[in-house]
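Got the structure open in your viewer? Here is a short tour, one selection at a time.

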Amino acid sequence: MSTASASNTPLLSAALARRTIYQLGDTDIPISDARIHELVNNTVLHVPSAFNSQTSRVVLLLGEEHKRLWDLIMDVYRQQLSEDKFKSAEGKFKGFRAGYGTILFYEDNDVVCDFATKFKRYAEHFRTWSDQTSGMHQYMLWTALEAEGLGVNLQHYNPLIDVRVATQYDIPEPWMMKAQMVFGKPLGGPNPNKEFKPLEERVKVFGAK
């Protein structure tokens with residue numbers, strides 16, 4: 001399927017439109033908190049997982065809780081970085097804080113270990129499959145939120161922030177943080193100079209008519 005024909009289907013059209021947006025605001029959000037919650041719930045319910053293990057866990061932070069999270073993250077990094085390095089990173093943190101919400105993605109390590117024990121033949125693969133499931137949750141929500149008119153970017157400040165975040169939001173100990181998805185009203189566009197490696201180097205097709 002060509003890019004042109006793919007864009008004629010709703011799912012792939014949304015996938016083509018999904019891009020990283022860093023300039024975010026916290027007012028005039030195009031959808032309600034209830035709708036955001038609905039998108040999260042449907043993603044967690046319906047994104048597949050190996051052996052139907054359902055290892056993914058999600059924490060949704062909106063409004064002031066979102067800002068509290070990024071204040072916490074800034075405090076963690078202020079203590080870990082030199083003054084000069086923190087100053088160079090502070091603008092980026094404030095940019096994330098300026099958004100409206102953050103989704104924290106976790107994987108439940110107890111469930112991963114239980115399945116590895118139950119299916120010993122595949123035990124070494126469950127950690128990889130868990131990461132794949134988390135990635136599908138992240139991609140689904142990223143695409144869904146942008147299809148609703150929000151701007152989104154994905155961050156990875158774990159594991160440095162894990163303990164403080166777990167304490168703040170009473171996160172169960174077996175939950176392992178994977179990523180932080182920031183969203184809000186888009187105030188800017190994506191990088192117009194994104195480069196794509198040739199498809200000929202990335203795709204092989206056999207048996208096509």
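## A walk through the fold

Start with the whole chain, colored by secondary structure, and follow it along the sequence: the pattern reads α-α-β-α-β-α-α-β-α-α-β-α-β. That comes to eight helices and five strands. Keep in mind that you're looking at a predicted model.

Zoom out for a moment. The C-alpha atoms fill a box of roughly 60 × 45 × 35 Å along the principal axes. Of the protein's 209 residues, 36% count as buried. Now think about contacts between residues at least 6 apart in sequence: 83% of them join residues at least 24 apart.

**Stop one: helix H3.** Select residues 33–46. This helix has 14 residues and reaches 20 Å from its first C-alpha to its last, close to the 20 Å expected at 1.5 Å a residue. Which residues of H3 are buried? Show the side chains of Ile-36, Leu-39, Val-40 and Thr-43, and you have them. Turn the view to look down the axis of H3: those buried residues fall within an arc of 95°, so they line one face of the helix. The general rule behind this is that an α-helix has 3.6 residues a turn, so residues three or four places apart point the same way.

Swing round to the other side of H3, where Ala-34, Leu-45 and His-46 are exposed. Then go back to the buried face and add what covers it, including strand S2 (56–62), strand S3 (101–108), helix H7 (126–147) and strand S5 (175–186).

**Stop two: a pocket.** Keep H3 and H7 on screen and add helix H2 (10–17); these are the elements that give two or more residues each to the lining of the second largest pocket. About 160 Å³ of space lies in there. Among the residues to select for the lining are Leu-11, Thr-43, His-46, Met-136 and Tyr-139. Which element gives the most to this lining? That's H7, with four residues. By type, the lining divides into eight nonpolar residues, four polar and no charged.

**Last stop: a cavity.** Stay with H7, since it turns up here too: it supplies the largest share of the lining of the largest cavity, four residues. To see the walls, select Ser-49, Ala-50, Ser-53, Thr-55, Val-112, Phe-126, Trp-129, Ser-130 and Thr-133. The space they line has a volume of about 50 Å³. Color by type and you'll find four nonpolar residues, five polar and no charged.

How values were computed:
Residues are numbered from 1 along each chain as its sequence is written. This is a predicted model: local features need pLDDT of at least 70, side-chain atom pairs count only at pLDDT 80 or more; totals for chains, interfaces and linings use all residues. Side-chain values use heavy atoms; hydrogens and water are left out. The expected span of a helix is 1.5 Å times one less than its number of residues. Buried means under 20% relative accessible area, exposed over 50%, partly exposed in between (1.4 Å probe, protein chains only). The arc is that of the directions from the helix axis to the C-beta atoms. Contact means heavy atoms within 4.5 Å. On a 1 Å grid over the protein atoms alone, a cavity is a set of points where a 1.4 Å probe fits but cannot get out, and a pocket is an open set with protein on both sides within 12 Å along at least five of seven lines; lining residues have an atom within 4 Å of a point. Grid points are joined across faces, edges and corners, and a volume is the space filled by probe spheres set on the points. Ala, Val, Leu, Ile, Met, Phe, Trp, Tyr, Cys and Pro count as nonpolar, Asp, Glu, Lys and Arg as charged, and the others, Gly among them, as polar.
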